[in-house]
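Trainee: Hi, could you walk me through this one?
Mentor: Happy to, let's open it up.

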Amino acid sequence: MQRPWNLPSLPVYSLATYSAESFNMNICTYVTAVSMQPKLYIIAVYQHTLSLEWMQQSNEAVLQLLHARQYGLVRYLGQKSGHIFPKQAWLQKKQLLTQWRQFTVLKEAAAYIQLQKIQTISCEGDHTLFLCKAVHFQSLSTDVLTTGILSAKKLIRI
């Protein structure tokens, strides 16, 4: 039997963080809405990552809810470090990017949520938490990538 936290099939996001003219994108599944009005999210970002560094330095980010067909991005955005692998150059070369509200984002994501950072929460564990307010959003599809799909594709074990 699976562990309790692996029982639900969770949505898979990519958090786009920005620094000057550059961006980085990672994979996030530890994301949850925590308020209806205003819409607030808690996002857990893994320690020692470029996404964490840039999220700490900026007040804005874009949370991208991935489309089910974007499962292949997990190998590049989630299983490779932005400190070592040039994610921005790879995404540009593959022509996987577009602009949304003046932010560089992934083409064909199921939804985009522009976030304004409210608070950083350091805690025990291997992630840092960010409380963010959703300031703009756009939903484009209901066909979302989930941890169940990633497990079926053998990209993760749950």
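**Rings, strands and a pocket**

Mentor: Let's start with two rings: Phe 85 is buried, and Trp 90 is buried too (buried means under 20% relative accessible area, exposed over 50%, partly exposed in between, with a 1.4 Å probe and protein chains only). This is a predicted model, where local features need pLDDT of at least 70, side-chain atom pairs count only at pLDDT 80 or more, and totals for chains, interfaces and linings use all residues. Residues are numbered from 1 along each chain as its sequence is written, and side-chain values use heavy atoms, with hydrogens and water left out.

Trainee: How many aromatic pairs are there in the whole structure?

Mentor: The search finds 5. Rings of Phe, Tyr and Trp (its six-membered ring) pair if their centres lie within 6.5 Å; planes under 30 degrees apart count as stacked, over 60 as edge-to-face and the rest as tilted. Phe 85 and Trp 90 make a tilted pair, at 6.3 Å centre to centre and 55° between the planes. Ring pairs also link Tyr 76 with Phe 85 and Trp 90 in a cluster.

Trainee: Nice. Which charged residue lies over the face of Phe 85?

Mentor: Lys 80 does, at 5.2 Å from the ring centre. The criterion is NZ of Lys or CZ of Arg within 6 Å of the ring centre and within 35 degrees of the ring normal. Elsewhere, the charged end of Lys 153 sits over the ring of Tyr 71, 4.4 Å from its centre.

Trainee: Switching topic: is strand 1 largely enclosed or open, and why?

Mentor: Strand 1 (residues 13-19) is largely enclosed by the rest of the structure, because 6 of its 7 residues are buried. Helices (H or I, at least four residues) and strands (E, at least two) are DSSP runs, numbered from the N terminus.

Trainee: Which way do strand 1 and strand 5 run?

Mentor: They run antiparallel, and 5 bridges join strand 1 to strand 5 (residues 60-65); two strands pair if DSSP finds at least two bridges between them. Ser 14 stands opposite Gln 64 in strand 5. Strand 1 also pairs with strand 2 (residues 22-25) in the antiparallel sense, over 4 bridges, with Thr 17 opposite Asn 24.

Trainee: What about Thr 17, buried or exposed?

Mentor: Thr 17 is buried, at a relative accessible area of 0%. Leaving aside neighbours within four places in sequence, its contacts (heavy atoms within 4.5 Å) include Ser 51, Trp 54 and Met 55.
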